[in-house]
Amino acid sequence: MEFNYFSVNSIFNNDITIVTKELLPEGFSGKGTARVDCSNKISIILDEIGWASAKAQQLIKPITSGSKLKLSDHILYLLTDPESSNGRGTVVGLLKIGRKKLFMFDLAGYQHEVEPLCILDFYIHESKQRTGCGKKLFEYMLQHQNVRPQHMAIDRPSEKFLSFLYKHYGLEHILPQMNNFVVFKGFFDHDSGEG
Ligand code: ACO
């Protein structure tokens, strides 16, 4: 994903960047107009990739946009490819997470009020899918949050994402719920891996 009016590499220093409600790369130190300019560009990027993600998931409107992130406590990991587009860089994908208060059923059918980290939006550009980019971004998030995949809840996972979770993390046994969130066996157990 390229942007005509600015170079992606002028905004990001690394191939994975964390963005939160300020719409600035984590650790951004610029002031004044540099700050405003950067946050405007990131807002444009999030609007565009948010739409691409929605289309890929056949949703009628995006889950992710600049204005939505600004009003949330969500954490967004953005993957870029600095080498592409003749050295201007491209945006490859996004992974958005956040905590949600949920009522979830365990394996025995007992309901619990929990506030897990949730996967809210995950998208890799069509030209890069199935080349390991999703795994790279997901692994970065797991390490950064110090969380195991089975302890996260997933908001309406697609078939591709379910396949991804099975392939890379062996997650397959879904605990039936009354909401749109999917959790796997092991969700309620933080020690032995049983759930
Ligand atoms: N069909 C089936 N499985 C797929 C597909 C596909 N078209 N694409 C990826 N996968 C799964 C498979 O398990 C695949 O392994 P395989 O190629 O050996 O079958 C594995 O993912 C590949 O791993 P990566 O290359 O690391 O994954 P990728 O970079 O493709 O990222 C992602 C995975 C994010 C699901 C990506 O395919 C994508 O953006 N899909 C479209 C949007 C989407 O479905 N997003 C998840 C929505 S749910 C949510 O956001 C909470």
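Trainee: What makes the pair formed by an oxygen atom of the ligand and the side chain of Ser163 a polar contact?

Mentor: In this predicted model, the ligand oxygen is 2.6 Å from an N or O atom in the side chain of Ser163. The cut-off for a pair of N or O atoms is 3.5 Å, so the pair counts as a polar contact.

Trainee: Which distance do you find for Ser158, and which for Gln129?

Mentor: An N or O atom in the side chain of Ser158 is 2.5 Å from an oxygen atom of the ligand. For Gln129, a polar side-chain atom lies 3.4 Å from a ligand oxygen. Both values are within 3.5 Å, so both pairs count as well.

Trainee: How much of the ligand does the protein bury?

Mentor: The ligand taken alone exposes 960 Å², and the protein buries 86% of that.

Trainee: Which residues are closest to the ligand?

Mentor: Phe122, Gly132, Ser158, Ser163 and Lys167 are the closest of the 25 residues that surround the ligand.

Trainee: What is the volume of the largest pocket, and which residues are closest to its centre?

Mentor: The volume is about 780 Å³. Of its 29 lining residues, Gln129, Ser158, Lys160, Phe161 and Phe164 are the closest to the centre. Elements that each supply at least two lining residues include α1 (32-56), α3 (133-145) and α4 (159-169).

Trainee: Why are Phe161 and Lys160 put in separate classes when that lining is divided?

Mentor: Phe counts as nonpolar and Lys as charged, so the two fall in separate classes. The whole lining divides into 11 nonpolar, 10 polar and eight charged residues.

Trainee: What are the volume and the lining of the second largest pocket?

Mentor: That pocket has a volume of about 330 Å³. Among its 15 lining residues, Leu59, Ile63, Leu120, Asp155 and Arg156 are the closest to its centre. By class, the lining has five nonpolar, four polar and six charged residues.

Definitions and conventions
Residues are numbered from 1 along each chain as its sequence is written. This is a predicted model: local features need pLDDT of at least 70, side-chain atom pairs count only at pLDDT 80 or more; totals for chains, interfaces and linings use all residues. Side-chain values use heavy atoms; hydrogens and water are left out. On a 1 Å grid over the protein atoms alone, a cavity is a set of points where a 1.4 Å probe fits but cannot get out, and a pocket is an open set with protein on both sides within 12 Å along at least five of seven lines; lining residues have an atom within 4 Å of a point. Grid points are joined across faces, edges and corners, and a volume is the space filled by probe spheres set on the points. Helices (H or I, at least four residues) and strands (E, at least two) are DSSP runs, numbered from the N terminus. A residue is near a molecule or strand if one of its heavy atoms lies within 4 Å of it. A polar contact is a pair of N or O atoms within 3.5 Å; within protein, one must be able to donate a hydrogen and the other to accept it, and residues adjacent in sequence count only if both atoms are side-chain atoms. Accessible areas come from the Shrake-Rupley method with a 1.4 Å probe; for residues, only the protein chains shown count as cover.
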